[in-house]
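User: Could you walk me through this structure and explain the terms as we go?

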Amino acid sequence: MQHIPTPVHGHTVRTQSVAMRVERVPIRTTTRLTPGGERHRELSVYCPFQARTFGAEECQHCARLVTWTDDPTAEGAAIVCASEQTETRAVALHFGDRMSGSLEEEAARTPIGVVMASTCVTAEGELEIAELRLMLGEKTGRAFPVVDRDGALLGVISADRLGPSVPPPPPSRPGLRELLSRLAPTKVREVMTAHVVAFPENGRVREALNAMLVERVRYLPVVSSEGTVVGLVWDLDLLSWLARANRPAHEDDHGRP
Ligand code: SF4
């Protein structure tokens, strides 16, 4: 492990006259809701040097690692890593970096992997609708990627599509009641939207905005090069990134000088 003095993410520091590029990399938490009501949690990072997502534990063996985190499961947890600036970097801009080109240029070269939220909840297609409703409680207006047991994308489910938590009373006629109970969907995969645009984690912010406009959707499931779901990017994530990238250099995240 290299010794780097006072890491400041996205900036260059010098140690023993070698220019080092320092990155703060968020640890991402993906929670998969599975049949039986269990929650499987996985910690991952989108490595800015390798431009791909993998298990966060791999970072502990990486020569670029500068600082691990005390609690990788905490909200906002991140690690710090560094490399010589001459090394090829896949990512030119991270949260908090200042613009170095026009906004359009930045949007055209920034991967969605560094923009999307660091937490994501997915639901397995075989999960019972009633179980998912129970796990979500009163939360509505949210959407989740639906995945198979390997984490591959099957579709998307919106919490609003799960129906009321208190079902309407069944019809009094026995024949009709049995027919309805036989036909009623029970699994998440039966009510999900199956035709969704999967967006690659190395796709750029500008492409994601275009895809949302063309498809008229507010979110895109994001997949790794192996085809597993690594997140869900919302229009608000992109707007937030645009606002940060476009803010004057003398202002902080809250518009204060
Ligand atoms: S520690 Fe290494 S593997 Fe992990 S994000 Fe940093 S450069 Fe990538």
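Analyst: Happily; here is how some of the labels come about. This is a predicted model, in which local features need pLDDT of at least 70 and side-chain atom pairs count only at pLDDT 80 or more, while totals for chains, interfaces and linings use all residues. Residues are numbered from 1 along each chain as its sequence is written.

User: How many helices and strands are there?

Analyst: The protein has six helices and 13 strands. Helices (H or I, at least four residues) and strands (E, at least two) are DSSP runs, numbered from the N terminus.

User: Why is Ser44 called buried?

Analyst: A residue is buried if 20 or more other C-beta atoms lie within 10 Å of its own, exposed if 12 or fewer, and partly exposed in between, with C-beta atoms placed from the backbone. Ser44 has 23 such neighbours, so it counts as buried. Ser44 belongs to strand β4 (residues 38–47). Across the protein's 257 residues, 28% count as buried.

User: Which residues is Ser44 in contact with, leaving aside neighbours within four places in sequence?

Analyst: They are Arg28, Thr30, Thr53, Phe54, Gly55, Ala56 and Val230. Contact here requires C-beta atoms, placed from the backbone, to lie within 7 Å. Val230 is 186 residues from Ser44 in sequence, yet their C-alpha atoms are 8.6 Å apart.

User: What makes the span of helix α6 agree with expectation?

Analyst: The expected span is 1.5 Å times one less than the number of residues. For the 12 residues of α6 (residues 235–246) that gives 16 Å, and the end C-alpha atoms are 16 Å apart, so the two agree.

User: Which residues of α6 are buried, and how do you know where they sit around the axis?

Analyst: The buried ones are Leu238, Trp241 and Ala245. They cover an arc of only 60 degrees, taken from the directions from the helix axis to the C-beta atoms, so they lie on the same side of α6. An α-helix has 3.6 residues a turn, so residues three or four places apart point the same way. The face turned away from the buried side carries the exposed residues Leu236, Leu239, Ala243 and Asn246.

User: What makes β3 and β8 a pair?

Analyst: Two strands pair if DSSP finds at least two bridges between them. Strands β3 (residues 28–34) and β8 (residues 119–124) are joined by five bridges and run parallel. Thr30 stands opposite Cys120 in β8. With two bridges, β8 also pairs in the parallel sense with strand β9 (residues 143–147).

Conventions. Two residues are in contact if their C-beta atoms, placed from the backbone, lie within 7 Å.
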